[in-house]
Amino acid sequence: MDPGFEADFRQFVVDRSGALFRTAYLLTGDRHAAEDLVQSALVKTAAKWRSLRDPVAIEGYVRRVMYHEQVSWWRRRSRVAEVSTGWLPDQIGDGHADVVDLRMVMRTALARLTPRQRTVLVLRYFEDLSETEIARLLGVRVGSVRSQIYRSLERLKKTAPELTTVREFG
């Protein structure tokens, strides 16, 4: 690359790499994949740098390259991931509406709890931490954790009795 063009390219990379990374992250959803995508697009841009003199055209070109690279990667990945099997995937059955209703009831019931009660329940039943671990993590006594769990479960039973028919808490 010509030294004059190289200096221009370096300045472009310094000035626009943050914005390009944000775009790449939105395309990929992963920090490391976004870094790879930006690097790949910049390599292709460096090869075409002489023909790209308009600053607006340069950034548009890089973004277009990132988009096409991501789409190509996605297509390759989806093609490889398809494997023919002898069975059909599960279909949405009649109970699907019940599961959705139960999730909505659970979300509403959890929203009615205090933040501490929600925190304790999430740590206990979703993160599967022991009462001792929760107490250490929150900086409270084990007895406080136990009472918060008890109160929150009782409150859930009162505000959403249909939850207790599915799985008994406690």
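# Notebook: contacts in a helical chain

Entry 1. I began with one side-chain pair: glutamate 59 and arginine 16 are joined by a polar contact of 2.7 Å between their side chains. I note here that the model is a predicted one. I looked up where glutamate 59 sits, and the place is helix α3. Is glutamate 59 buried or exposed? I found a relative accessible area of 14% for glutamate 59, and the cut-off for buried is under 20%, so glutamate 59 counts as buried. I then listed what glutamate 59 touches, leaving out residues up to four places away in sequence: Phe12, Arg16 and Leu20. Arg16 is thus on the contact list of glutamate 59 and is also the partner in the polar contact.

Entry 2. I stepped back to the whole chain. I counted eight helices and zero strands. Read from the N terminus, the order of elements is α-α-α-α-α-α-α-α. The chain has 170 residues, and 24% of them count as buried. I also looked up how contacts spread along the sequence. Among contacts with a separation of 6 or more, 56% are between residues 24 or more positions apart.

Entry 3. Phe12 had come up as a contact of glutamate 59, and I went on to the aromatic rings. How many aromatic pairs are there? The count is two, with ring centres required to lie within 6.5 Å. In one of the pairs, phenylalanine 9 and tryptophan 49 have ring centres 5.2 Å apart and planes at 80°, so I wrote this pair down as edge-to-face. Phenylalanine 9 belongs to helix α1 (residues 3–28), while tryptophan 49 is in the loop between α2 (31–47) and α3 (55–81), so the pair ties together parts 40 residues apart in sequence. I checked burial for both residues. Phenylalanine 9 has a relative accessible area of 13% and is buried. Tryptophan 49 is buried too, with 3%.

The other pair is phenylalanine 12 with tryptophan 49: the ring centres are 5.7 Å apart and the planes stand at 50°, so the pair is tilted. This pair also links distant parts of the chain, with phenylalanine 12 in helix α1 and tryptophan 49 in the loop between α2 and α3, 37 residues apart. Phenylalanine 12 has 9% relative accessibility and counts as buried. I entered Phe9, Phe12 and Trp49 as one aromatic cluster.

Entry 4. I moved on to helix packing. Two packed helices are described by the angle between their axes and the distance between the axes. Helix α5 (residues 115–126) packs on helix α7 (residues 142–159) at about 100°, and the axes are 9 Å apart. That angle makes α5 roughly perpendicular to α7. On the α5 side the contact is made by Arg116, Gln117, Val120, Leu121, Arg124 and Tyr125. On the α7 side, the residues include Val145, Gln148, Ile149 and Leu156.

I picked out glutamine 148, which lies in helix α7. The relative accessible area of glutamine 148 is 14%, and the residue is buried. Beyond its neighbours within four places in sequence, glutamine 148 is in contact with Arg116, Gln117 and Val120. I also looked at two residues from the α5 side. Arginine 124 lies over the face of tyrosine 125, at 5.7 Å from the ring centre.

Entry 5. Which helix crosses α7 at roughly 110°? I found α6, and the axes of α6 and α7 come within 8 Å. That makes α6 roughly perpendicular to α7. The contact is made by Glu131, Thr132, Ile134 and Ala135 of α6 and by Val142, Val145, Arg146 and Ile149 of α7.

Entry 6. I finished with isoleucine 134, placed in helix α6 (residues 131–138). Isoleucine 134 has 0% relative accessibility and counts as buried. Not counting residues up to four places away in sequence, isoleucine 134 touches Val120, Leu123, Arg124, Leu129 and Val145. Val120 and Arg124 had already appeared in the α5 contact with α7, and Val145 is named in the contact between α6 and α7. I also noted one distance: isoleucine 134 and threonine 119 are 15 residues apart in sequence and 9.4 Å apart in space, C-alpha to C-alpha.

How values were computed
Residues are numbered from 1 along each chain as its sequence is written. This is a predicted model: local features need pLDDT of at least 70, side-chain atom pairs count only at pLDDT 80 or more; totals for chains, interfaces and linings use all residues. Side-chain values use heavy atoms; hydrogens and water are left out. Rings of Phe, Tyr and Trp (its six-membered ring) pair if their centres lie within 6.5 Å; planes under 30 degrees apart count as stacked, over 60 as edge-to-face and the rest as tilted. Helices (H or I, at least four residues) and strands (E, at least two) are DSSP runs, numbered from the N terminus. Buried means under 20% relative accessible area, exposed over 50%, partly exposed in between (1.4 Å probe, protein chains only). A charge sits over a ring if NZ of Lys or CZ of Arg is within 6 Å of the ring centre and within 35 degrees of the ring normal. A polar contact is a pair of N or O atoms within 3.5 Å; within protein, one must be able to donate a hydrogen and the other to accept it, and residues adjacent in sequence count only if both atoms are side-chain atoms. Contact means heavy atoms within 4.5 Å. Axes are lines fitted to C-alpha atoms, for helices over the stretch in contact, and angles run from 0 to 180 degrees between N-to-C directions. Angles under 35 degrees count as roughly parallel, over 145 as roughly antiparallel, 65 to 115 as roughly perpendicular and the rest as oblique.
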